Amino acid sequence: MLELKATINLPKTDFPMKANLPQNEPKMVARWDEMRVYDLIREANKGRPKYVLHDGPPYANGPIHLGTAMNKCLKDFIVKSKSMAGFDSPYIPGWDCHGLPIEIKVDKELGGKKLQMHPAEVRDACRKYAEKYLDLQREQFKRIGVFGRWEEPYSTMTPKYEAAVIRCLYSFFDKGAVYKALRPVYWCIHDRTALAEAEVEYEMHTSPSVYVKYRLQTDPRDIDAKLAEERIALNKPVSTIIWTTTPWTLPASMAVAFHPDEEYVALATKDDIFIVAEKLAKETAEKCQFGEYKEIARFPGRKLELTKYEHPFLPWERRQILGVLAEYVTMDQGTGAVHTAPSHGADDFYTGVKYKLDQTCNVDAAGRLLHGLPEYDNETVFKANPKIVELLKARGVLLYTEKIEHSYPHCWRCHNPVIFRATEQWFISMESNMDGQGTTLRTRLLEEVKKVKWDPAWGEDRIGNMFATRPDWCISRQRVWGVPIAVFFCKGHNGYVNDKAFHQAVVDLFAKEGADAWYKKSAAEILPAGTKCPQCGGTEFEKEMDIIDVWFESGSSYLSVQSNEEGFPWPSDLYLEGGDQHRGWFHSSMMCSIGAKNSSPYKGVVTHGWTLDDQGRAQSKSLGNTTDPVDVAKRMGGEIVRLWASSVDFREDVVGSETLMQRVSENYRKIRNTFRYILGNLSGFDPSKDAVSFEQMESIDRYMLLRTAEMSKEVRKWYADFQFHKVYQLLLTFCAVDLSAMYFDVLKDRLYTSGPKSVARRSAQTAIWKIGEALVRLSAPIMSFTADEIWTYLPKVQGRAASVHATTFMDEAEIAGAPDAQLIADWQLLLASREDVLKALEEARNQKLIGTGLEAKVTVDAPASMYPVLDKYRELLRYVYIVSAVELKKSAETNGTGNVKVTVEKAPGQKCERCWNYSIHVGEDSTYPTVCERCAKVLPEFEAAGS
């Protein structure tokens with residue numbers, strides 16, 4: 001006796017419904033390691049056009065966070081999608097291992113012991129610290145499915161990299177672009193080092209605002225006759241008033257600056273005569289509580305040039321303050337008289353150069369004031385502020401003080417406020433001649449910026465404006481952990497030696513032994529025996545011990561990688577990092593590459609936003625609002641981190657939260673279940689024997705393959721444009737709507753009830769096999785774990801790669817036959833009518849007229865515009881609508897809710913025990929009395945198979 005239940009072709013697959021990602025993903029990572037999947041991909045892509053995304057090196061000083069996870073996922077999406085689009089797309093991950101954050105951490109670990117250690121020993125401790133976190137981050141990136149040459153990444157602390165950095169620096173020396181000079185630079189007193197502009201962030205800071213009297217010592221007749229007359233008549237001293245928010249700079253005050261073209265007024269008060277800018281006179285009088293006052297003279301600022309004033313607390317014989325002119329004096333706040341300390345400000349410094357003022361800096365590396373009065377001597381600058389304010393009060397020169405909160409420069413590493421401090425530093429000149437024909441570094445940078453494709457487009461203006469206005473690059477740092485500025489000073493003429501032979505000796509040494517050799521060997525040991533200074537013939541040399549700005553190091557990264565990797569093109573195709581890197585890595589990379597190769601290191605630059613919590617706040621440990629990708633991978637799976645990264649429009653700031661991860665996890669299940677349905681219905685299907693040609697397939701199968709081909713083309717376009725959120729949305733919609741809600745719903749009856757080997761069922765299986773093959777490839781760059789898992793369950797075909805990642809996307813011709821506009825138009829109309837039928841069935845269910853759709857017969861009144869198509873597919877309509885019977889009528893009217901009018905009634909006949917359709921022919925076949933005519937034709941196939 002044939003058991004009807006056994007004749008239903010139910011889905012069969014070992015592909016699990018529950019992914020168990022946290023448990024299974026590490027096994028997949030181990031499988032990839034074992035098969036050397038990265039090498040497998042490179043071998044498969046050998047000979048194809050190169051596409052190189054160059055990795056911006058993350059800093060090796062802690063575990064990864066959501067921002068670094070998103071960054072690496074985005075890069076992985078690009079590399080994998082480019083590989084699957086037919087490119088040879090290598091990915092060499094990199095790490096930034098030198099610099100202050102690591103050295104500070106090591107300082108804390110070593111404590112006082114560091115003072116007794118040789119610099120090479122300190123560097124060794126820093127190296128071990130960096131290696132620890134490089135290894136940690138490498139495993140964490142692998143855990144979220146990122147592919148790359150992990151066993152041999154690039155690192156800024158390897159000998160070949162350090163050699164590339166110093167080679168790049170020497171290219172600037174060769175062009176005469178490097179100089180050493182006394183200049184005011186940003187200085188972090190906490191880290192005791194100079195900072196570049198890119199290492200400074202602005203944060204709110206509270207400062208003391210003071211208005212201070214500087215008494216005039218010049219004869220007023222040299223300024224203005226009226227002022228001189230009134231001073232004699234009133235018998236009052238004349239002073240100017242300066243305003244500053246950095247009282248600690250007053251010991252370094254050398255001048256008072258006035259604007260040459262602004263009007264200044266002399267205001268007589270009860271006890272004094274004060275010279276201030278006319279535009280700021282009223283505000284100054286109110287702040288300083290002049291009481292009654294009157295204007296007694298007026299004159300242009302240029303009249304005050306070379307006047308002399310008493311310092312507010314230093315004796316006259318020690319300090320005489322000069323009146324100077326400066327265009328940078330503004331009239332928006334203060335008094336119009338600007339206290340000038342050449343050692344503590346950029347404008348001040350260059351004014352000091354103009355007027356030959358003393359530029360000696362009496363603030364040490366730790367920010368302590370030296371050679372000062374007892375009241376503040378040896379105090380750090382910010383602690384000195386209140387003591388100097390008290391000193392001003394005691395000397396009777398403080399006219400007003402208050403606390404103000406304002407934006408102030410801070411070190412972006414330690415987040416402490418910084419100062420300007422004039423010190424001898426190494427610089428790269430922005431106006432240096434780069435080609436021997438007068439083209440400056442600044443000009444070349446601005447020319448190259450225009451050749452790059454910036455995504456988003458505003459990146460061009462942002463970085464272009466930075467290059468247009470930036471000062472010379474301060475490249476020296478007073479630390480140990482980095483690449484030294486490997487320059488020799490000749491004791492004979494007391495200058496540095498700019499000589500290619502000297503440079504080559506260092507490059508060769510670094511390539512062989514690394515930059516540590518600079519600290520372990522003397523100058524005599526580094527230079528060949530008998531080396532003489534080309535300038536003076538001297539034979540004794542000293543080494544420069546400052547290190548290079550780490551931005552210069554990371555900016556040399558593609559120079560290093562490209563020179564060490566066979567076949568890597570110049571420039572690279574793409575850089576991708578956060579939007580803050582226009583002033584950081586994008587910036588320094590362009591500058592280094594112009595110096596070394598006179599061209600940009602990248603053709604394109606893509607930037608992503610910050611990761612925020614669900615309240616729109618930047619994620620930070622201090623706020624306790626972080627979403628840890630490592631934790632998400634442990635609890636939900638690395639695939640969820642990847643899907644989240646693909647689901648957001650990364651060009652904007654993006655939200656990463658537990659709620660979003662849960663939502664993504666739900667969508668993941670929808671996609672996984674779609675694949676499970678495909679795999680379940682491919683049980684026993686051998687494409688080499690069972691596949692049906694496109695021309696022989698059922699019309700809906702052909703339509704769905706054409707629809708899949710169209711979708712695939714769109715997805716591949718979004719991959720090419722890095723629109724990963726659109727890829728995610730399209731794949732999700734296709735799985736949930738086109739497949740699950742429509743095609744699979746319609747297909748179920750044919751797959752389950754047709755003869756196992758019938759053309760109808762094989763047609764359906766061929767379609768879902770091709771859809772599965774296309775989908776698994778399209779999802780692989782994003783859903784790397786799941787796609788490779790699915791790959792192992794799909795039907796085996798000859799020559800199949802061991803991993804989906806070693807394959808390419810299917811083109812339209814591989815998925816479907818020739819485009820058929822009529823077929824597509826027909827099925828779009830059929831599916832539109834299906835929506836109207838489904839609505840009518842739902843209403844009938846709500847009215848308890850029917851239970852399932854198979855209990856219904858529907859009458860469809862179609863207008864003349866639709867009727868021919870519906871009539872053409874009349875025999876398929878009941879399967880499309882999933883009802884037991886359809887009556888089609890031609891009508892000029894609709895019910896106003898759609899294109900067709902639908903009437904629902906109970907289906908006539910009896911329920912077939914096998915397919916559950918209702919038919920008036922159930923019982924007509926005496927051999928199979930409980931089934932419909934359709935099933936009665938199929939059952940002998942099962943009888944024959946059983947015998």
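Student: Which element gives the largest share of the lining of the second largest pocket?
Tutor: The model is predicted, so to speak: local features need pLDDT of at least 70 and side-chain atom pairs 80 or more, while totals for chains, interfaces and linings use all residues. Residues count from 1 along each chain as its sequence is written, and side-chain values use heavy atoms, without hydrogens or water. A pocket is an open set of points on a 1 Å grid where a 1.4 Å probe fits, with protein on both sides within 12 Å along at least five of seven lines, and lining residues have an atom within 4 Å of a point. Five lining residues come from one strand (a DSSP E run of at least two residues; helices are H or I runs of at least four), and that's E15.

Student: How many residues of that lining are charged?
Tutor: Asp, Glu, Lys and Arg count as charged; Ala, Val, Leu, Ile, Met, Phe, Trp, Tyr, Cys and Pro as nonpolar; the others as polar. The lining has 16 nonpolar and 15 polar residues, and the charged ones number three.

Student: Are H11 and H12 roughly parallel or antiparallel?
Tutor: H11 (441–449) and H12 (458–469) have axes 9 Å apart and an angle of about 175°, taken between N-to-C directions on a 0 to 180 degree scale. Under 35 degrees is roughly parallel and over 145 roughly antiparallel. H11 and H12 are therefore roughly antiparallel.

Student: Which residues of H11 meet H12?
Tutor: Contact means heavy atoms within 4.5 Å. On the H12 side are Glu 460, Ile 463, Gly 464, Phe 467, Ala 468 and Thr 469, and they meet H11's Arg 442, Leu 445, Leu 446 and Val 449.

Terms used:
Parallel < 35°, antiparallel > 145°, perpendicular 65-115°, else oblique.
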